[in-house]
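Work through these three exercises with the model open. Try each task before reading its solution.

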Amino acid sequence: MCNRYVSPDEAAMERAWHIGNRTPLKWPAEVVPRGSGPFLRATSLGPLELVVGLWSLIPHWSEVPRLKYSTNNARSEELAAKPSFRDAWRSGQRCIIPAVSFDEPNWETGKNIWWRFRRADGQPWGLAGLYHPWVNKQTGEILETYTMLTVNADDHPLMSRMHKPDPTLPPDRQDKRSVVAIERADLEQWLFGSQAEAKELFRPPAMEIIEAGPI
């Protein structure tokens with residue numbers, strides 16, 4: 001699970017995804033759960049839309065804009081069934097979460113040492129996410145919210161080394177998790193494809209595009 005990442009600025013997002021001119025928006029450089037962060041979604045007009053929202057998806061049925069449990073990450077295997085995420089998944093509300101880097105905990109020494117993950121080509125990550133505009137039923141106010149998707153990474157040579165091991169599970173069944181990186185060539189498939197086509201992209205980043213090490 002990813003619980004913190006560094007966001008690129010608007011100029012870097014324009015170069016990477018051609019979002020076009022937008023009213024300047026503000027968000028913290030380091031994004032944490034239940035904090036503000038940017039995401040990109042498709043529009044009927046063509047260019048991707050830059051949105052700033054809450055990094056914790058709030059489903060439409062919630063009476064308040066804050067859940068007791070965490071929804072900043074969503075397991076890809078549970079999207080169709082999990083009440084918090086199934087409506088956004090069913091509606092095709094997929095987005096790209098831009099990140100200069102993201103951090104993961106490594107417990108190989110017996111204590112947590114944070115590792116930072118960047119792209120080897122120097123470009124920002126485009127991480128797979130879902131979004132949902134939550135509406136306050138009392139005021140009509142709209143709060144943009146989003147979540148970051150994760151996949152199993154037990155077989156990945158690097159991502160499988162992250163996160164604290166679960167002593168109740170065997171080494172080959174730890175369910176280590178990874179973000180999903182959407183490459184530029186797969187952008188249309190992710191944003192506009194069917195559910196089946198989107199699921200084809202559910203995989204950890206390839207080793208050759210990762211540059212990582214202890215912070």
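**Exercise 1. Strand pairing**

Find which residue in strand 7 stands opposite Val6. Then place the two strands in their sheet.

Solution. The model is predicted.
- Step 1: Ser101 in strand 7 is the residue opposite Val6.
- Step 2: Strand 1 covers residues 5-6 and strand 7 covers residues 101-106. They pair over two bridges, in the antiparallel sense.
- Step 3: Five strands make up the open sheet, in the order 2-1-7-8-12, with antiparallel pairing.
- Step 4: Strand 2 (30-31) and strand 12 (210-214) are the edge strands, as each pairs on one side only.

**Exercise 2. The surroundings of His132**

Decide whether His132 is buried or exposed. Then list its polar contacts.

Solution.
- Step 1: Locate His132 in strand 9, residues 125-135.
- Step 2: Buried means under 20% relative accessible area. His132 has 12% relative accessibility, so it counts as buried.
- Step 3: The side chains of His132 and Gln93 share a polar contact of 3.4 Å.
- Step 4: A polar atom of the His132 side chain also lies 3.5 Å from the backbone nitrogen of His60.
- Step 5: Beyond neighbours within four places in sequence, the contacts of His132 include Leu57, Ile58, Pro59, Leu143, Glu144 and Thr145.

**Exercise 3. The largest pocket**

Describe the lining of the largest pocket.

Solution.
- Step 1: The largest pocket holds about 180 Å³ of space.
- Step 2: Its lining has 13 residues. Met1, Ser70, Thr71, Asn73 and Ala74 lie nearest the centre.
- Step 3: Sort the lining of the largest pocket by type: four residues are nonpolar, six polar and three charged.

Key:
Residues are numbered from 1 along each chain as its sequence is written. This is a predicted model: local features need pLDDT of at least 70, side-chain atom pairs count only at pLDDT 80 or more; totals for chains, interfaces and linings use all residues. Side-chain values use heavy atoms; hydrogens and water are left out. Two strands pair if DSSP finds at least two bridges between them. Helices (H or I, at least four residues) and strands (E, at least two) are DSSP runs, numbered from the N terminus. On a 1 Å grid over the protein atoms alone, a cavity is a set of points where a 1.4 Å probe fits but cannot get out, and a pocket is an open set with protein on both sides within 12 Å along at least five of seven lines; lining residues have an atom within 4 Å of a point. Grid points are joined across faces, edges and corners, and a volume is the space filled by probe spheres set on the points. Ala, Val, Leu, Ile, Met, Phe, Trp, Tyr, Cys and Pro count as nonpolar, Asp, Glu, Lys and Arg as charged, and the others, Gly among them, as polar. Buried means under 20% relative accessible area, exposed over 50%, partly exposed in between (1.4 Å probe, protein chains only). A polar contact is a pair of N or O atoms within 3.5 Å; within protein, one must be able to donate a hydrogen and the other to accept it, and residues adjacent in sequence count only if both atoms are side-chain atoms. Contact means heavy atoms within 4.5 Å.
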